[in-house]
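Student: Can we go through this one by asking how each label is earned? I'd like to see the reasoning.

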Amino acid sequence: MASKSTLNAKNLEALGTERLAQLLIEISTGDAAAKRKLRLALAGAEGPREAAREIAKRLTSIAKARTFVNWQNRKPLVKDLQTQRSAIMDEIAPHDPGEALALLWRFMGLATPVFERCDDSSGTVIDIFHQACADLGEVAKAADAAPEALARQVVDALQDNGFGQYDGLIAIIAPALGPDGVAHLKALVEELGRTPVPVPPKSEWQAVGWGSGGTRYAHEMEERARQSTVEMALKDIADVQGDVDGFIAQYDPKTRKVPKIAAEIAQRLLAAGRAGDALGFIERAEVKDARWIPPEWQDARLAVLEALDRKDEAQAFRWACFERDLSGEHLRAYLKRLPDFDDIDAEERALAHAAGHTDLLGALAFFLNWPSLAHAAQLLIDRQDEVDGDHYEFLAPAAETLAEKHPLAATVALRAMIDFTLTEGRQKRYGYAAQHLATCADLAGRIEDFGPVEPHLAYAARLKAEHGKKTGFWSKMEE
């Protein structure tokens, strides 16, 4: 049985309403967020209308605020925004979805003034607005919003999407719009597409920046934003309507040959049962750098080949992708489709190919993720002279992974980082290098045969001879 002093709802109820009220006043003194929450609760007790009025007042205050919010004092703003969004959805929406919808639009309208004075490098604030944007679809449907009015609100919103707060809005709101509403939305967007931003007299042009083409003016930037809004909206509308050709029409013939765009088009054509057309876009794509092919294009090509029952071509392409990129995902898919026992020989061939790949770190990553730690260890030992110690963010965890069963390979990785740090005189890394050298000393006790790798004592002596004057490093060894 819990003690009567345990902090839980039952024990607090025993204090009585008067004592609890006194405690809440005490606790909220000097805490603006707590006071707002209490006022909201009191308003909610009077009914949804009073709660809505309280929320609206707070949204107005947030919109008017001008104090800059950095990452250190962002938490109160985040909590405030979360409280208002939750109140709209929990207190208002179940009782009056129409009022909740109006409040959500007001809430979303806060995005621009908030981001203009807020450091959101963590993405915490935009996440709240994305959630509120998703809420719009649910509440608009519950409110049975008039489709034409709702479509107009969507168009207005998309023109105020400078921070990406309305990304995905069309797909979110489409169920509430219905087919007729979506058609009306399309007509409004097309009308916007036919309405260029007016060009003011040259004496009134406002310079807002500079680029490779010279001075950039406000009306030019507005025009580019308008064109971008129309293009993206028509693509999203085409997706909602299942209009693949409408989606394709938003790209000019040259852009359709960009591999990533070709993949997007092909995936939509494939979903529409037009695999032959999809293959045409895939094959017309211009892959300018054979050393790196966008994964989206690779996946789309494989999906199209499978849909056309060209399985041998698909297998050959999977192997080609593995050979070039050491893609474990493509290799697994390739092996899975082979007859029994053939996959064993193919895997051995693949591991041998990876061991000789020109991209040493790529090969090491492949072996660690496959996983085959024995191959990863042998790779480091066989190609120790090629290991670039500057890649500490990769080599440090690799050494840690290998240390238990493959201490010699872990030593190679650690020494590469030590050598790079001292040779390049990277003083900020001296502390890490000292730790690495100490780890090498510990690992040496578990290595029976150093083979082609320099023994630890000889390595440490050479390090002292070559870098003995780097006192900043050696002082770290004594700490």
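**Labels and the values behind them**

Tutor: Sure, and keep in mind that this is a predicted model. Let's start with α17 (328–336): its buried residues are covered by elements including α15 (295–307), α16 (311–325), α18 and α19.

Student: Which residues of α17 are buried?

Tutor: They are G328, H330, L331, A333, Y334 and L335. Buried here stands for under 20% relative accessible area.

Student: What makes F322 and F366 a tilted pair?

Tutor: Check the distance, then the angle. Their ring centres are 5.6 Å apart, and the cut-off for pairing is within 6.5 Å, so they pair. The planes meet at 55°; stacked needs under 30 degrees and edge-to-face over 60, so tilted is what remains.

Student: Where do the two rings sit in the chain?

Tutor: F322 is in helix α16 and F366 in helix α19, 44 residues apart, so the pair links distant parts of the chain. Both residues are buried. Ring pairs also join F322 and F366 with W319, Y334, F367 and W370 in a cluster. Over the whole structure, the search turns up 14 aromatic pairs.

Student: How do you know that the charge of R349 sits over the ring of W319?

Tutor: The charged end of R349 is 4.5 Å from the centre of that ring. The limit is within 6 Å, plus a position within 35 degrees of the ring normal. R268 does likewise with F247, its charged end sitting over the ring 3.9 Å from the centre.

Student: What makes the bond between W370 and P371 stand out?

Tutor: It's a cis peptide bond, with omega about -5°, and most peptide bonds are trans. P371 is in the loop between α19 (360–369) and α20 (373–382).

Student: Why is D144 called exposed?

Tutor: D144 has a relative accessible area of 67%, and exposed begins over 50%, so the label fits. D144 belongs to the loop between α8 and α9, and its phi, near 55°, is positive although the residue isn't glycine. F341 is exposed as well, at 64%. That residue lies in the loop between α17 and α18 (342–355), with a positive phi near 75°.

Student: Why are α13 and α14 called roughly antiparallel?

Tutor: Their axes cross at roughly 175°, and roughly antiparallel means over 145, so the name follows. The axes of α13 (residues 259–271) and α14 (residues 275–284) come within 8 Å. On the α13 side, the contact uses A262, A263, I265, A266, L269 and L270; on the α14 side, A275, D277, A278, F281 and I282.

Student: What makes up the largest nonpolar core?

Tutor: It has 59 residues, and L81, F107, F129, L169 and L185 have the most contacts inside it. Elements giving two or more residues include α4 (48–64), α5 (75–92), α8 (124–143) and α10 (169–193). The largest share, eleven residues, comes from α10. Another core, of 52 residues, lies apart from it, with A376, L379, A410 and I418 among its members.

Student: Which residues does F107 touch?

Tutor: Leaving out residues up to four places away in sequence, F107 touches L59, L81, Q84, R85, I88, I128, F129 and A132.

Conventions. Residues numbered from 1 in each chain as written. Predicted model: local features only at pLDDT ≥ 70, side-chain atom pairs only at ≥ 80, totals over all residues. Heavy atoms only, no water. Core = buried A, V, L, I, M, F, W, Y, C linked by side-chain atoms within 4.5 Å. Buried < 20%, exposed > 50% of the residue type's maximum accessible area, 1.4 Å probe, protein only. Helix = DSSP H or I, 4+ residues; strand = E, 2+ residues; numbered from the N terminus. Contact = heavy atoms within 4.5 Å. Phe/Tyr/Trp six-rings, centres within 6.5 Å; stacked < 30°, edge-to-face > 60°. Axes fitted to C-alpha atoms, helices over the stretch in contact; angles between N-to-C directions.
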